[in-house]
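Student: Got a minute to go through this one with me? I'd like to start at the nucleic acid and then wander a bit.

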Amino acid sequence: MTAPDFRLYNTLTRKVESFSPADGKTVRIYTCGPTVYRPAHLGNFRTFLFEDLLRRAIELRGWKVKQVMNLTDVDDKIIKAASEQGTTIAEVTAPITKIFHADRAFLRIQDAELYPKATDHIPEMIEIVKRLVDKKLAYKADDGSVYFAIDKFKDYGKLSRLDTREVKAGARVIQDDYSKENAQDFALWKAAKPEDERTGAAWDSPWGRGRPGWHLECSAMAMKYLGETLDIHCGGIDLIFPHHEDEIAQSEGSTGKLFSRFWCHGEFLLTEGSKMAKRLGNVATVQDLRDQGVPAAAFRHFVFSTHYRKQLNMSSEALEGSIEGVRRIGDFVQRLAEAKGATPELEKIAADAEAEVTAALFDDLNAPIALGALFTFIRKANAELDRNGVDKRALETARKAFGRINSVLDVVPESVGADPEIARWVEERLTARKDARSRREFAEADRIRAEIESKGIAIEDTPHGTKWRLR
RNA sequence: GGCGCCGUGGCCAAGUGGUAAGGCGGCAGACUGCAAAUCUGCUAUUCGUCAGUUCGAUUCUGACCGGCGCCUCCA
C-alpha cells in the first residue's frame, strides 16, 4: 500500500502541492504566535486552530511534529503599556502569557513542542544581524538603528509578490524613517529610546543599546530550534507582508539557504462583515465565548466548517448552528459508548466515513468536507443502531473510526456535570414523574417535566429509563 | 493607484466542464401517553448580473455589480 498523498497550499508558489517532511519523519513547523500585551482575540485563535488542525492531520498521516510557536514579549505596544503603567515589559507580558495558555487549553489547541520568548533570544538575533552587516545586506544608519537593505536581496518580494515601487495611494503612510537609505528598508535592530530603557526593553549590542526589530525574533528562534530550512512556516494571511517577506530576507540573506519549504496562511475571521482587529474595536475573546456558554467544541466546529483559506464571518446564528451540531455529535458518542452491539452493516459505514474524512483532511485540510462526512457517518450509524444489532466487532470498528476522526477535529462537547445538589433534585423529580406516569397521571408527569425543563435541563425517555442533561 | 480573495437554498458551507455534499432551521411522517432524542421524506430546475467559449458552464474567458483583505510592526 502506498502512503497517502498529503497536499497543502503553498503561498510561495500559490499552488496546492504534495507535501512530505524533508527528513521523511518529522515535520518541523514554525507558527507565528501572539504578541502578549492583551489577550488574543478569536481572530487570532482562528489561525491557531488552523495550525492545530494541521499538526493533528500530520500526526494522523503518521509523521511526527515539532512545532515552535513564539511569544512576542517585546514590541512597541508592550513598551507603551509598560510605560503607561510604570512597570517593565516582563510585568506586562507575564499575566497575558498565562491567559494565552489558558485560552489555548480551553479551545483544546494542542501544545506546541516549544514556546520560546523573544527576550530570551537576544544573542541569537544579534548574531544574525552581524552576519547581515558583514555581508553588506544591512547597514547602521545615523539614528543608531540597523536596517536591512532590501535592494541588496534579489528575492525580496517573492512571497508577497508585491512590487515595492507600487506602494501608493490608499496605503498606510510611511512615517519618520529619514535615516533609512530606502523607505522600504526594515529595522533589524532599533536604537534604544528612554522608554525602552525604563521598561527593560533595551540590550547591549555591537551597535549600541537597543532592541530587536519585529521580524528578527522569528528568524532567530525558527532557525535555532528547527534548523536553517523549515518544513512549514504558518501564520495569518496578514503576515505575508511585511512580516514573512522580511523573515525570508533576513534568514536567507544570512544563511544563503531556503528558509521554509512551505508557507501556509490562514484567512481572517470577520465580525460584522469586517476584519476582527483591536483597532476596529470589534474583537471578541475566548472569555466572551465562556461567558456566552459556547462550548469549545462548538467554536472548533464553527471554525472548521469553513476552509481555512476562506474568510469566515462570525454570527450568532452560525455559532448556534455549531452548538446544535456538536450537541448531536456528543449524543452520538454517548450512544456509541452505551451500545451493546450493532448491525454488521456498521462496519463498512464506519470504514467509508473514515476514508472520506482522511482523504479530505489530507487534501489541503478540507475540514468542511471532513465534517460533512462525519455527519453522514452519524446519521447512517444512528440508523443502524436503531436496529439493535448484536455485532460487537462492527460496534468496535465504529468506535475506533470515530476516535480517529475526532483525534483531528476534536469536536465532542465536554460533558457538563451538574452540581450534586441539582443532580439530587432532578433525580427526585424524575422519580416523582415516573410514579405519576406509572399511575397514568400524565398531566402531573408533564407538569413535573416542565418544572425540570424550566431549570435549563433537557430530559428524554428511553427504553432504559429517563436521561437528563444540562442544556 | 497596485495586488489578491470572495458572492451557491432562511442561515452556515463543500463541490465539479456533464447536470448542486453536509450542518443549522423549517415542514410532514415513523417511534412516544405526550414530548425529547433518533430515523424517513420534503425544503436551490438552480449556483451575483450580462455576454462569450463549448455538444454541454455553477465550474473556463471577459465585462459589470456587490462584499472583504493586503500594500511596514495587524492572526
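Student: So which residues come nearest to RNA strand B?

Tutor: Lys77, Gln184, Gly236, Lys275 and Ile369 come nearest, out of 64 residues around RNA strand B; a residue is near a strand if one of its heavy atoms lies within 4 Å of it. Keep in mind that this is a predicted model, where local features need pLDDT of at least 70, side-chain atom pairs count only at pLDDT 80 or more, and totals for chains, interfaces and linings use all residues. Residues are numbered from 1 along each chain as its sequence is written, chains are lettered from A and ligands numbered from 1 in the order in which they are written, and side-chain values use heavy atoms, with hydrogens and water left out.

Student: What is the mix of classes on the surface near RNA strand B?

Tutor: It has 26 charged, 19 polar and 19 nonpolar residues. Here Ala, Val, Leu, Ile, Met, Phe, Trp, Tyr, Cys and Pro count as nonpolar, Asp, Glu, Lys and Arg as charged, and the others, Gly among them, as polar.

Student: And which helix gives the largest share of that surface?

Tutor: Helix α12 (residues 367–385), with nine residues. Helices (H or I, at least four residues) and strands (E, at least two) are DSSP runs, numbered from the N terminus.

Student: What part of the RNA does the protein meet, sugar or phosphate, or bases?

Tutor: Of the RNA strand B atoms within 4 Å of the protein, 62% belong to sugar or phosphate, and the rest to bases. On the base side, a polar side-chain atom of Lys190 lies 3.1 Å from a base nitrogen, and a backbone N or O atom of Leu269 lies 2.9 Å from a base nitrogen. For the phosphates, an N or O atom in the Arg328 side chain is 3.0 Å from a phosphate oxygen.

Student: Switching topic: is Glu217 buried or exposed?

Tutor: Glu217 is buried, yet has no salt bridge. Buried means under 20% relative accessible area, exposed over 50%, partly exposed in between (1.4 Å probe, protein chains only). A salt bridge is a side-chain nitrogen of Lys or Arg within 4 Å of a carboxyl oxygen of Asp or Glu.

Student: Which side chain of opposite charge is nearest to Glu217?

Tutor: Arg211, 9.1 Å away; Lys and Arg count as positive and Asp and Glu as negative, while His and the chain ends are not counted.

Student: What does the Glu217 side chain make a polar contact with, then?

Tutor: The side chain of Thr72, at 3.1 Å. A polar contact is a pair of N or O atoms within 3.5 Å; within protein, one must be able to donate a hydrogen and the other to accept it, and residues adjacent in sequence count only if both atoms are side-chain atoms. Glu217 itself is in helix α6 (residues 216–226).

Student: Backbone oddities next. Where is the cis peptide bond?

Tutor: A cis peptide bond joins Phe241 and Pro242, with omega about 0°. Pro242 is in helix α7 (residues 240–255).

Student: What about Arg14 and its phi?

Tutor: Phi of Arg14 is near 60°, a positive value in a residue other than glycine. Arg14 is in the loop between β1 (7–10) and β2 (15–18), and is partly exposed at 31% relative accessible area.

Student: Last one: how many helices and strands are in chain A?

Tutor: Chain A has 15 helices and 15 strands, and 49% of its 471 residues count as buried.
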